[in-house]
Amino acid sequence: QFSDDAAHELNTPISTVRAAAENMAEELDDPKAMSRRLEVINRSVERMNRIVKDLMLLTKLGLEAEQPSRDPEQVQFGKLVQDVVAEFVD
C-alpha cells in the first residue's frame, strides 16, 4: 500500500511536468506562455523533491528503528510497574 501511495503521489507532478512541457512546445513563439509553463514545471519539480525527501526520511527512520540499541539500558521493572499503576490509580 505504501509503495502504491508513493507512486501515486509522484505520478501527479510528473504528469503535470509532462503536460506543461508538451504545451511549451506548442507555445515557443509566446514568451509569456512559456514563462507560465516553466513556473508550473518548477512547482511540480519542487513537489516531487519534497516527496522524495520525505520518502528518504521515512526509509532512514525505518532502518534506524530496525537496528537494535547499541547500549542496553537497565530497567528497574518494579519502579516501572509502580509508575504505570500510579498513573491509573491517581
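**Exercise 1. Find the partner of lysine 79 and classify both ends of the pair.**

Step 1. Lysine 79 forms a salt bridge with aspartate 83; the closest N and O atoms are 3.3 Å apart. The criterion is a side-chain nitrogen of Lys or Arg within 4 Å of a carboxyl oxygen of Asp or Glu.

Step 2. Both residues sit in helix H3 (residues 77–89), four residues apart, about one turn of the helix. Helices (H or I, at least four residues) and strands (E, at least two) are DSSP runs, numbered from the N terminus.

Step 3. Lysine 79 is partly exposed at 45% relative accessible area, and aspartate 83 is partly exposed at 39%. Buried means under 20% relative accessible area, exposed over 50%, partly exposed in between (1.4 Å probe, protein chains only).

The model is predicted: local features need pLDDT of at least 70, side-chain atom pairs count only at pLDDT 80 or more, and totals for chains, interfaces and linings use all residues. Residues are numbered from 1 along each chain as its sequence is written, and side-chain values use heavy atoms, with hydrogens and water left out.

**Exercise 2. Account for the salt bridges of the protein, and state what glutamate 9 and glutamate 27 pair with.**

Step 1. The count is three salt bridges.

Step 2. Glutamate 9 meets arginine 47 at 3.6 Å, N to O. Glutamate 9 is in helix H1 (residues 2–26) and arginine 47 in helix H2 (residues 31–66), so this pair ties together parts 38 residues apart in sequence. Glutamate 9 is partly exposed at 37%. Arginine 47 is partly exposed too, at 31%.

Step 3. Glutamate 27 pairs with arginine 37, with 3.1 Å between the closest N and O atoms. Glutamate 27 belongs to the loop between H1 and H2, and arginine 37 to helix H2, ten residues apart. Here glutamate 27 is buried at 18%, whereas arginine 37 is partly exposed at 26%.

**Exercise 3. Describe how H1 is covered, and place serine 44.**

Step 1. H1 has 25 residues and spans 37 Å from first C-alpha to last, close to the expected 36 Å. The expected span is 1.5 Å times one less than the number of residues.

Step 2. Ala6, Pro13, Ala20 and Met24 are buried in H1. The cover over the buried residues of H1 includes H2.

Step 3. Serine 44 is in helix H2 and is buried at 9%. Setting aside neighbours within four places in sequence, serine 44 contacts Pro13, Thr16 and Val17. Contact means heavy atoms within 4.5 Å.

**Exercise 4. Which residues form the nonpolar surface patch?**

Step 1. The members are Val75, Phe77, Leu80, Val81, Val84, Val85, Phe88 and Val89, with about 820 Å² of accessible area together. Patch members have over 30% relative accessible area and no salt bridge; like charges are joined within 9 Å, nonpolar side chains (Val, Leu, Ile, Met, Phe, Trp, Tyr) within 5 Å. Areas come from the Shrake-Rupley method with a 1.4 Å probe; for residues, only the protein chains shown count as cover.

Step 2. Take valine 85: this residue is in helix H3 and is partly exposed at 45%.

**Exercise 5. Characterise the overall fold.**

Step 1. The protein has three helices and zero strands.

Step 2. The radius of gyration is 25 Å, where a compact globule of 90 residues would have one near 12 Å. The radius is taken over C-alpha atoms; the globule rule is 2.2 Å times the number of residues to the power 0.38.

Step 3. The C-alpha atoms fill a box of roughly 80 × 35 × 25 Å along the principal axes. Of the 90 residues, 12% count as buried.
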